[in-house]
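Here is a short report on one protein chain. It moves from the whole fold to single residues and side-chain pairs.

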Amino acid sequence: MRTKNQSKMAEFLLLGLPIQPEQQGMVFTLFLGMYLTTVLGNLLIILLIRLDSRLHTPMYFFLSHLALTDISFSSVTVPKMLVNMLTSHKSIPFAECISQMYFFIFFTDLDSFLITSMAYDRYVAICHPLHYTTIMREELCTLLVAVSWILSCASSLSHTLLLSRLSFCAANTIPHFFCDLAALLKLACSDIFLNELVMFTVGVVVITLPFVCILVSYGYIGTTILRVPSTKGIRKALSTCGSHLSVVCLYYGAIFGQYLFPTFSNFLDKDIIVAIMYTVVTPMLNPFIYSLRNRDMKAALGKLFSRATFFSQ
């Protein structure tokens, strides 16, 4: 038979990063360092927000969830990639592959929704400062996070269920360092029209619409800032948005770069580069962006270090 049903597809083979064998040691050390930085940096953000009462605000509530998401996001793919670099056995069981794909999509979508919630928080803070506390109530913040989780779960579950109905050809090699949905669909022998239709539709809902909402929010923010007569007021407004804008540029820049610069694939596999930006670079940089560009976070960090020094004496 030309096809092999997915129930008989015991495992897939992950080719990993397109690097030479002699480069694996250096690349392994680099990515291990980046992964540890991601985990420790985001854990530090969660700890600071938890311990410092000045950070118990809606913006930092969303940031703590974003930090947790970034840790989980990297942990879905990077540890498996590091293990494969050290061993010659690069296979992944079918069930583990589908689970990895599910959680990768889940945390990708969750990142998008959380970043959008943070943009809405900045919009209310700058455009409606007198009503900020009444609008951004704890109930609303919790609802926004809960809806983000539910929509992300529905998105990833829809892709997983649709993939489970497919039959796969005898070839089981995935030219990636994790089980990417697009790469898995290329291995299918069944009709994938419905899968691709859902990919496009869901992609519009979880990526394009949130990005449009962010643009609209910052459009209103920009209009409000231009009405501020003092330079000091403009700097204060920009300081509250600078960190979030940096994260938006990193996250959506990687996504849209895949489509705006297709010739980049002549030199490197752009899908792998974009995935590295998602899973390694952006989660690693987020703690630095929010700690180095944010006075409240720097103050909380200084307070934590002072407390640690006091108890160590």
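## Overall build

In this chain, 81% of the contacts with a separation of 6 or more join residues 24 or more positions apart. The model is predicted. The chain holds 10 helices and five strands. Of its 313 residues, 47% are buried. The exposed surface comes to about 16300 Å², and carbon and sulfur atoms supply 69% of it.

## Helix 3 and the disulfide

Helix 3 covers residues 94–127. How does its span compare with the expected one? At 1.5 Å a residue, its 34 residues should span 50 Å, and the end C-alpha atoms are 50 Å apart, which agrees. The helix is mostly covered, with 28 of the 34 residues buried.

How many disulfides does a search of the whole structure find? The search finds one. The partners are C97 and C179, with sulfur atoms 1.9 Å apart. The angle about the S-S bond is -125°, and the link is left-handed. C97 sits in helix 3, while C179 sits in the loop between strand 5 (173–174) and helix 6 (181–186), so the bond ties together parts that are 82 residues apart in sequence. Both cysteines, C97 and C179, are buried.

C241 is in no disulfide. The nearest cysteine sulfur belongs to C127 and is 8.7 Å away. A disulfide needs sulfur atoms within 2.5 Å. C241 is buried at 3% relative accessible area. C249, by contrast, counts as exposed, with 54% relative accessibility.

## Salt bridges

The count of salt bridges comes to three. The table gives the closest N to O distance for each pair.

| Pair | N to O distance |
|---|---|
| R54 and D52 | 2.9 Å |
| D121 and R122 | 2.7 Å |
| R137 and E139 | 3.8 Å |

How covered are these side chains? D52 counts as buried, at 4% relative accessibility. D121 and R122 are both buried. In the remaining pair, R137 counts as partly exposed at 42% relative accessibility. Its partner E139 reaches 54% and counts as exposed. The cut-off for a salt bridge is 4 Å, and the R137 and E139 pair has its closest N and O atoms 3.8 Å apart.

## Helix 1: a patch and a buried asparagine

Which residues make the nonpolar surface patch of about 350 Å²? L32, L36, L40 and L43 make it. L32 lies in helix 1, residues 24–51. L32 counts as partly exposed, at 31% relative accessibility. Patch residues must have over 30% relative accessible area, and L32 has 31%. A general point on helices helps in reading the numbering. An α-helix has 3.6 residues a turn, so residues three or four places apart point the same way.

N42 is also found in helix 1. Buried or exposed? N42 counts as buried, with 1% relative accessibility. Leaving out residues up to four places away in sequence, N42 touches T37, A67, D70, I71, P283 and P287. One of these contacts, A67, is 25 residues from N42 in sequence, yet the two C-alpha atoms are 5.0 Å apart.

## The strand 5 to helix 6 region

H176 is placed in the loop between strand 5 and helix 6. C179 of the disulfide lies in that loop too. H176 counts as buried, at 3% relative accessibility. What does H176 touch beyond residues up to four places away in sequence? Its contacts are L14, L15, G16, D271, I272 and A275.

K186 is found in helix 6. K186 counts as exposed, with 69% relative accessibility. I174 is 12 residues from K186 along the chain, and their C-alpha atoms are separated by 9.0 Å.

## Recap

The disulfide of C97 and C179 ties helix 3 to the loop between strand 5 and helix 6. That loop also holds H176, which is buried. Helix 1 contains L32, part of the nonpolar patch, and the buried N42. Among the salt bridges, D121 and R122 are both buried, whereas E139 is exposed.

Technical notes
Residues numbered from 1 in each chain as written. Predicted model: local features only at pLDDT ≥ 70, side-chain atom pairs only at ≥ 80, totals over all residues. Heavy atoms only, no water. Helix = DSSP H or I, 4+ residues; strand = E, 2+ residues; numbered from the N terminus. Expected span 1.5 Å × (residues − 1). Buried < 20%, exposed > 50% of the residue type's maximum accessible area, 1.4 Å probe, protein only. Patch = residues over 30% accessible without salt bridge, like charges linked within 9 Å, V, L, I, M, F, W, Y side chains within 5 Å. Areas by Shrake-Rupley, 256 points an atom, 1.4 Å probe, with all protein chains shown as cover. Salt bridge = Lys/Arg side-chain N within 4 Å of Asp/Glu carboxyl O. Contact = heavy atoms within 4.5 Å.
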